[in-house]
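Dear colleague,

I am passing on the structure we spoke about, together with some notes on what turned up in it. Please look it over before reading the notes that follow.

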Amino acid sequence: MVTIFTALRQEADGLIQTLELHRDNDNTYSGNGIRLIITGIGKINAAASVGFCIGKYGVSDYYVNYGSAASPTHTGETLFVGQIIDRGSGDESFPDIADAAFPHALLVTSDTPVSSSEILRDSSERRSAMPVIYDMEGYAIYQALRKVTTPDRMIFIKTATDNGDADYKKSIDLINEAAPQVAGFIRSLSEHKFSRPEELPFFEELSSGLHCSEAMRNQLSQYIKYISVSDRLPEFAQHLDELKRDGQLPAPDRKHGKELLKKMLS
């Protein structure tokens, strides 16, 4: 099961139609191994909806937060969130970053709407190598989900619809244009028979051979999940055999293991 959280019905309409979801109640739609919940705007509504979802339906295989975001420079682009910062506290979170279906972005979650001038100033001060985008729910959804699942099961996708001075009609048009691509990605997750990478027979051997720290294990887990979704596990197993024959696996120490993992992820 894949569970999607969107803040507004208007952000959900394109996914509901493309994924052929049926209405369960005012805020919940489901079908074909996918559930969509409309949370309402802001951190409190978002966190409460996650709690309601977990309590009623249990834990899903994957969670996707999709919706609009503001950006000073990337309006019209759909972006995959690799880092979330709470604008109020400065706290940082790191959801799943292994997928390459969309460019990566830094998401800043604010308690209140942020004006275009504030966004321009704030984004320039952050000096991020990734595009910086702004919403009002992502951080709260991440923190609520952390109580029941791991970051490699959390996916945050945002379409930049404005620069902080929202044009409602334009925003809805951009969200609807992005819906088929986002829905295609979500469908690929729902059609994949879920198994934790850690359950695969070679995972522990590979993790040990790379001398993985906890952070390295998470990176390896995310990478293996996505090559599994894309049916590239046999190719990956062949690559591991080649590394063993070349004497690169097992790595002599963590430093070499980290370098080898970096090559795998690149």
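Strand E5 (62-70) gives the most to the lining of the largest pocket, contributing six residues. Please bear in mind throughout that this is a predicted model. The largest pocket holds about 580 Å³ of space, and 32 residues line it, with Leu-8, Glu-11, Ser-68, Asp-162 and Ala-166 lying nearest its centre. Besides E5, the elements that give two or more residues to this lining are E1, H1, strand E9 (132-135), E10 and H5. Sorted by class, the lining of the largest pocket comprises 17 nonpolar, 10 polar and five charged residues.

Turning to the interior, the largest nonpolar core is made up of 26 residues, and those with the most contacts inside it are Ile-4, Leu-15, Leu-36, Ile-157 and Ile-186. Two or more residues of this core come from each of strand E1 (2-6), helix H1 (9-18), strand E4 (34-38), strand E5 (62-70), strand E10 (154-162) and helix H5 (168-190), and the largest share, eight residues, is that of H5. In soluble globular proteins, nonpolar side chains tend to be buried together.

Which residues is Ile-157 in contact with, leaving aside its neighbours within four places in sequence? For Ile-157 these are Val-64, Asn-65, Tyr-66, Gly-67, Thr-78, Leu-79, Phe-80, Phe-102, Val-182 and Phe-185. A second core, separate from the one above, has 22 residues, among them Ala-105, Leu-107, Leu-145 and Phe-156.

Some points of backbone geometry may also deserve your attention. Leu-249 and Pro-250 are joined by a cis peptide bond, with omega at about -5 degrees, and Pro-250 is found in the loop between helix H8 (233-245) and helix H9 (254-265).

Glu-20, although not a glycine, has a positive phi of about 55 degrees; this residue sits in the loop between H1 and strand E2 (22-23). Because its relative accessibility is 61%, Glu-20 counts as exposed, the cut-off for that class being over 50%.

His-211 is likewise not a glycine and has a positive phi of about 55 degrees, and its place is in the loop between helix H6 (203-209) and helix H7 (214-229). With a relative accessible area of 30%, however, His-211 is partly exposed.

With best wishes

Methods:
Residues numbered from 1 in each chain as written. Predicted model: local features only at pLDDT ≥ 70, side-chain atom pairs only at ≥ 80, totals over all residues. Heavy atoms only, no water. Core = buried A, V, L, I, M, F, W, Y, C linked by side-chain atoms within 4.5 Å. Buried < 20%, exposed > 50% of the residue type's maximum accessible area, 1.4 Å probe, protein only. Helix = DSSP H or I, 4+ residues; strand = E, 2+ residues; numbered from the N terminus. Contact = heavy atoms within 4.5 Å. 1 Å grid on protein atoms, 1.4 Å probe; cavity = no way out; pocket = protein on both sides within 12 Å on 5 of 7 lines; lining within 4 Å. Points joined across faces, edges and corners; volume = space filled by probe spheres on them. Nonpolar A, V, L, I, M, F, W, Y, C, P; charged D, E, K, R; others polar.
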